[in-house]
Each structure stands twice: as C-alpha cells, then as structure tokens.
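Let's take a relaxed walk through this structure, starting with a term that will come up again and again. Have a look at the picture first, then read on.

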Amino acid sequence: MLLMNAYNMVLHKFGEKLYSGLVSTMTSHLKDIAKSIEAAQGPLFLEELNRKWTDHNKALQMIRDILMYMDRTFIPSTHKTPVHELGLNLWRDNIVRSDKIQSRLQDILLELVQKERTGEVINKGLMRNIIKMLMDLGSSVYQEDFEKPFLDVSADFYRGESQQFIECCDCGDYLKKVEKRLNEEIDQVSHYLDLKSEAKITNVVDTEMIESHMKRLVHTENSG
C-alpha cells in the first residue's frame, strides 16, 4: 500500500513534495533521537548511540524499499541525493556532528583508546561498531572526527612514554618496548579501526619513539 502510494505520487508529478516531506520528517525524527542520545550518561552514551544507529539503518532500508520508484526516476532526473545517502547525511548532520554530541563522542573514543593502552579492558565490539559508523558516514567523517585527533593524542602519548623509557632502559630493552607498542597498535587497528590507519599510527610510534631519540639510541648502543 505504501509502495503504491509513493509510486502514484511520483507518477503524478508529486515527487518534489514526497522528497521534501521525507527530508523534513527524517530531520525532525533525528532531532528527537539526538535528545535521547544526549541524555544518556556514562557508558550508556555509546550504547544508546549504537542502538539508535542500528535502528536508523533498518528504517532507512525500509524507506528506500518503499520509495524505490522515486529513487530510480525522480531523484536521478532532478540530481537530488539518493534516499540511502540522504539518510546517512542527515544522521551525520543531526547526530554525529550535533553541538552536544560531536566533541563528547570524540572525547569518549579517545579516552577508551587511552584506557586500553594503559592496560584496562574496554568493550571492543562496541568501539568497533561506533568507529564503523563513522566510516560508513564517509572517509572524511572518520578522518576528521576520529583519526586526526587520534593520531595527535597518540603522538603526545608516545612522546611522553619514550621520555620515560629512554631514561631507565638500555638500548636493547628500549627497542623491545617499542616493538611491543607497535604490535599493540597494529592489533588495535585490526580490532576496531580502519585498516588504512595502521601505516599512520605505526609511523607515529616510529617517529616519537625511534626517530626522535635516534642519536641517543646509537650513542647508548655504541657506548654499551
């Protein structure tokens, strides 16, 4: 019935009305969802975000099926954004990049990375789902909202840790610690990050822990 109604609207030149109605209805609905995510406290924040994202994807699939005819005819002829892509863009703008969610989400994700680096156990499955959501919203969203700040705080972390290690370790022990950290970062990427991040984060570890201390490491090795 819904499919037939949508078909008839497009057929009788009401495609513009149907499309603009979809945009306004989905936007209004997502603003309500944003409020429920904002209200979630502590660890419930990521869980609520993940749950709503799963629901949104299911709803989006149903909407795309119902509006299939509009997606195939009206949208290409008017150069509008296809239904599925529209749903992702609206989620990005109203949820992930909303004023009360964007920085909070970034802070929580970076805090979880830090916790794992210091030996705490984190929910890797939930972390993977949230990171994949950012990737699904487009490589620029993943890079700007997570990867760049992730690499920046990682550089700070390994800069500080290398200073501690270099003061108390001989060259052999120091290099073992570096190797251990490199393996941990590669493992971290395989569990919940974009695989393209591997070369970037290992480069950060190399730069901060090896290149920055090259002269001292060579001197220590030679004097040993």
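One bit of vocabulary before the tour: a residue is called buried when its relative accessible area is under 20%, exposed when that value is over 50%, and partly exposed in between. Arginine 97, at 25% relative accessibility, therefore counts as partly exposed. Keep in mind that you're looking at a predicted model.

## The inside

A good place to begin is the largest nonpolar core, which has 53 residues. The residues with the most contacts inside it are Met70, Trp91, Leu105, Met133 and Phe146. Which helix gives the most to this core? That's helix 2, residues 15-39, with eight residues.

Helix 2 has 25 residues and spans 36 Å from its first C-alpha to its last, close to the 36 Å expected at 1.5 Å a residue. Its buried residues are Gly15, Leu18, Tyr19, Leu22, Met26, Thr27, Leu30, Ile33, Ala34 and Ile37.

Now pick out methionine 70. Setting aside its neighbours within four places in sequence, methionine 70 is in contact with Val10, Gly15, Leu18, Tyr19, Leu22, Ile75, Pro76 and Val83. Another core, of 13 residues, lies apart from the largest one, and among its members are Tyr158, Phe165, Ile166 and Cys169.

Histidine 56 is worth a stop too. You'll find histidine 56 in helix 3, residues 44-66, and at 7% relative accessibility it counts as buried. Not counting residues up to four places away in sequence, histidine 56 touches Met26, Leu30, Gly87 and Trp91.

## Two buried glutamates

Glutamate 185 sits in helix 10, residues 171-192. Is glutamate 185 buried or exposed? Because its relative accessibility is 1%, glutamate 185 counts as buried. Leaving out residues up to four places away in sequence, glutamate 185 touches Arg117, Phe150, Tyr158, Ile201 and Val205. With one of these, tyrosine 158, glutamate 185 makes a side-chain to side-chain polar contact at 2.5 Å. For a sense of distance, glutamate 185 and valine 23 are 41 Å apart in space, C-alpha to C-alpha, and 162 residues apart in sequence.

Glutamate 208 belongs to helix 11, residues 197-209. Its relative accessibility is 11%, so glutamate 208 counts as buried. Apart from neighbours within four places in sequence, glutamate 208 is in contact with Ala155, Tyr158, Arg159, Ser162 and His213. The side chains of glutamate 208 and arginine 159 make a polar contact at 3.1 Å.

## Salt bridges

How many salt bridges does a search of the whole structure find? It turns up 17. Here are some of them:

| Pair | Distance, N to O |
|---|---|
| Lysine 80 and glutamate 16 | 3.4 Å |
| Arginine 97 and aspartate 145 | 2.9 Å |
| Arginine 159 and glutamate 208 | 3.1 Å |

Let's take the pairs in turn. The salt bridge between lysine 80 and glutamate 16 links distant parts of the chain, 64 residues apart: lysine 80 is in the loop between helix 5 (74-78) and helix 6 (83-96), and glutamate 16 is in helix 2. Lysine 80 is partly exposed, with a relative accessible area of 25%, and glutamate 16 is partly exposed as well, at 42%.

Next come arginine 97 and aspartate 145, meeting at 2.9 Å. This pair also links distant parts of the chain, 48 residues apart, with arginine 97 in the loop between helix 6 and helix 7 (102-117) and aspartate 145 in helix 9, residues 139-168. Arginine 97 is the partly exposed residue from the opening, at 25%, whereas aspartate 145 is buried, with a relative accessible area of 8%.

Then there's the salt bridge between arginine 159 and glutamate 208. The two are 49 residues apart, with arginine 159 in helix 9 and glutamate 208 in helix 11. Arginine 159 counts as partly exposed at 38%, while glutamate 208 counts as buried at 11%. Elsewhere, salt bridges that share partners join Glu161, Lys180, Arg181 and Glu184 into one network.

## The cysteines

A search of the whole structure finds zero disulfides. Cysteine 168 is in no disulfide, and its nearest cysteine sulfur, that of cysteine 169, is 3.8 Å away. Why doesn't that pair count? The cut-off for a disulfide is sulfur atoms within 2.5 Å, and these lie 3.8 Å apart. Cysteine 168 is exposed, with a relative accessible area of 60%, whereas cysteine 169 counts as buried at 16%.

Key:
Residues numbered from 1 in each chain as written. Predicted model: local features only at pLDDT ≥ 70, side-chain atom pairs only at ≥ 80, totals over all residues. Heavy atoms only, no water. Core = buried A, V, L, I, M, F, W, Y, C linked by side-chain atoms within 4.5 Å. Buried < 20%, exposed > 50% of the residue type's maximum accessible area, 1.4 Å probe, protein only. Helix = DSSP H or I, 4+ residues; strand = E, 2+ residues; numbered from the N terminus. Contact = heavy atoms within 4.5 Å. Polar contact = N/O pair within 3.5 Å; in protein donor to acceptor, adjacent residues only side chain to side chain. Expected span 1.5 Å × (residues − 1). Salt bridge = Lys/Arg side-chain N within 4 Å of Asp/Glu carboxyl O.
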